Amino acid sequence: MDFLNGNIKSLYFKYLAASFGSTLISSIYSIVDMAMVGQYHGPAGSAALAVVAPVWNIIYSLGLLMGIGGSVLFATIRGTGTGRERESNEYFTASVIGSVFLAALIWAGIAFFDRPLLMAFGAQEDTIGLAREYVAPVKFAVPLFLLNQMLSAYLRNDKNPALATGAVLAGGIFNIFGDYFFVFACDMGAYGAGLATAIGSAITFVVLMTHFFTKKNTLRLVRPDKLAQKLGKISVTGFSTFFIDVAMGILTILFNRQITKYLGTSALAVYGVIVNISTFVQCCAYSVGQASQPIFSTNFGAGKGERIRETLACALWTTAAFGVIWTALSLGIPNLFIRIFMTPTEEVLAMAPGIFRCYGLSFLLLPFNVFSTYYFQALIKPRAAFIVSVGRGLVISGILIYLLPAVMEAGAIWFAMPLTEAVIAVYVVLEMVKYTKRLPAGR
């Protein structure tokens with residue numbers, strides 16, 4: 001695969017297929033867990049896993065911080081020409097060191113402080129028990145989840161997207177069948193879902209490691225010069241992608257607290273399903289960003305602006321298609337989603353359509369906004385990416401989550417995200433046009 005001279009559409013759609021499969025299967029871990037636990041324990045199980053969702057967001061986001069941040073710099077250096085392979089591998093090594101350090105911190109926090117963490121994330125006395133049951137086996141695999149995200153990003157930039165997809169696919173398939181076996185056949189309930197997820201992550205890690213024994217591998221561990229400086233550059237470059245994912249956790253916590261305060265457990269159970277659908281939509285956006293980022297970064301390093309514009313056009317059409325599809329599904333079949341993820345009560349079925357049809361409007365612009373951060377990062381424009389990720393993930397969304405139910409009726413909270421995505425999209429369009437016009441004309 002030649003990022004600098006190959007056919008753009010062929011490269012993009014080949015990478016999109018691999019990235020879509022990888023991100024889709026990644027989302028299946030939490031989604032299948034939610035469905036199985038919801039079917040086994042009912043709405044209480046769905047509410048419990050909604051509380052656990054921020055844990056996943058924190059773990060995955062830290063993996064993306066090191067993986068996307070480092071691999072963007074890795075690919076940009078490779079795009080400038082030959083003779084800089086060692087320098088690019090210094091960033092790979094720095095990403096590995098940073099990932100191991102962060103994994104150790106997160107593992108310690110979850111292993112020893114799971115109850116206070118889950119209570120801070122919105123757990124109540126009726127959900128904390130099930131949430132802790134699920135987290136118990138997951139504790140032992142926390143570092144693997146983070147390392148899997150980091151390694152997958154580098155494999156895509158080392159021209160092996162198929163293996164990154166295959167690794168996630170292997171772990172995801174085990175998780176699907178393992179969930180059913182442990183939850184229902186072994187009658188383990190929430191603990192069984194967590195156990196299947198932990199084993200699946202180990203399988204993914206083992207498959208990813210096989211890349212280092214292939215002939216196409218160019219990733220090497222070398223002694224990095226100025227490690228702290230490189231970790232700083234990786235963190236700045238990857239922050240926006242990191243924050244988009246961790247923001248899902250922040251938003252989930254804010255929604256959990258406000259829903260519990262104003263609307264009750266049944267609404268929280270519906271929101272637990274929405275979190276999983278939103279994860280699917282966000283993963284579609286990730287797939288577009290991850291498919292285009294290696295092409296953007298390498299050609300940006302080489303000064304080939306026309307190839308970047310051509311890739312951008314493919315990506316924008318893809319995000320538009322994803323936005324329309326997911327919005328239509330949310331408006332058209334809300335109770336089908338509910339029945340997939342839990343055994344619902346009549347109260348849940350009665351309130352779900354209204355909630356879905358308000359919140360689901362945000363899915364129209366979500367893929368575009370999330371993808372934009374990958375684009376800005378690839379062009380080394382961290383400020384724009386930072387504003388998008390923090391604006392939609394904390395500032396605007398957080399204000400609306402607290403303001404709307406307080407000054408209007410409680411149900412107005414479901415319009416917080418549609419309004420947030422609309423405001424952010426205006427900023428994204430203006431910045432994207434500005435930076436795209438500045439690209440060199442080189443082909």
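This section goes through the salt bridges, a surface patch, a pocket and a cavity in a predicted model.

Salt bridges come first. Searching the whole structure turns up eight of them. One pairs the side chains of Lys230 and Glu90, with an N to O distance of 3.1 Å. Lys230 sits in helix H9 (residues 227-262) and Glu90 in helix H3, so this contact ties together parts that are 140 residues apart in sequence. Both partners are tucked away: Lys230 is buried, and Glu90 is buried too. The pair isn't on its own, either, as Arg86 joins Glu90 and Lys230 in a network of salt bridges. As general background, side chains of opposite charge can pair when their charged atoms come close.

Two other salt bridges stay within a single helix. In one, Glu306 pairs with Arg309, and the closest N and O atoms are 3.5 Å apart. These two residues belong to helix H11 (residues 305-332), and because they are three residues apart there, about one helical turn separates them. On accessibility, Glu306 comes out as partly exposed, at 34% relative accessibility. Arg309 is partly exposed as well, with a relative accessible area of 24%.

The other is made by the side chains of Glu431 and Lys434, at 3.3 Å from N to O. Here the helix is H16 (residues 416-437), and the spacing is again three residues, or about one turn of the helix. This time the partners split on burial. Glu431 has 8% relative accessibility, so it counts as buried, the cut-off being under 20%. Lys434, with a relative accessible area of 29%, is partly exposed.

On the outside of the model, there's a nonpolar surface patch of about 540 Å². Its members are Leu394, Val395, Ile399, Leu403, Val407 and Met408. Of these, Ile399 is found in helix H15 (residues 382-407). Ile399 has a relative accessibility of 51%, and since the exposed class begins over 50%, Ile399 counts as exposed.

Next, the open spaces. The second largest pocket holds about 150 Å³ of space. Phe92, Val96, Leu147, Met150, Leu151, Phe205, Met209, Phe212, Leu219, Arg220 and Leu221 make up its lining. By class, that lining has ten nonpolar residues, one charged residue and no polar ones. At least two lining residues come from each of helix H3 (85-112), helix H6 (142-157) and helix H8 (190-209). The biggest share belongs to H6, which gives three residues. Helix H3 therefore turns up twice in this account: it supplies residues to the pocket lining, and it carries Glu90, the partner of Lys230.

Closed spaces were also searched for, and the count comes to two cavities of 30 Å³ or more. The second largest cavity has about 150 Å³ of space. It is lined by 16 residues, and those closest to its centre are Met248, Leu251, Ser278, Tyr359 and Met417. H9, helix H10 (265-302) and H16 are the elements that give two or more residues to this lining. In terms of class, the cavity lining breaks down into ten nonpolar, four polar and two charged residues. Two of the contributing helices have already appeared above: H9 holds Lys230, while H16 contains both Glu431 and Lys434.

Definitions and conventions
Residues are numbered from 1 along each chain as its sequence is written. This is a predicted model: local features need pLDDT of at least 70, side-chain atom pairs count only at pLDDT 80 or more; totals for chains, interfaces and linings use all residues. Side-chain values use heavy atoms; hydrogens and water are left out. On a 1 Å grid over the protein atoms alone, a cavity is a set of points where a 1.4 Å probe fits but cannot get out, and a pocket is an open set with protein on both sides within 12 Å along at least five of seven lines; lining residues have an atom within 4 Å of a point. Grid points are joined across faces, edges and corners, and a volume is the space filled by probe spheres set on the points. Helices (H or I, at least four residues) and strands (E, at least two) are DSSP runs, numbered from the N terminus. Ala, Val, Leu, Ile, Met, Phe, Trp, Tyr, Cys and Pro count as nonpolar, Asp, Glu, Lys and Arg as charged, and the others, Gly among them, as polar. Patches are made of residues with over 30% relative accessible area and no salt bridge: like charges are joined within 9 Å, nonpolar side chains (Val, Leu, Ile, Met, Phe, Trp, Tyr) within 5 Å. Accessible areas come from the Shrake-Rupley method with a 1.4 Å probe; for residues, only the protein chains shown count as cover. A salt bridge is a side-chain nitrogen of Lys or Arg within 4 Å of a carboxyl oxygen of Asp or Glu. Buried means under 20% relative accessible area, exposed over 50%, partly exposed in between (1.4 Å probe, protein chains only).
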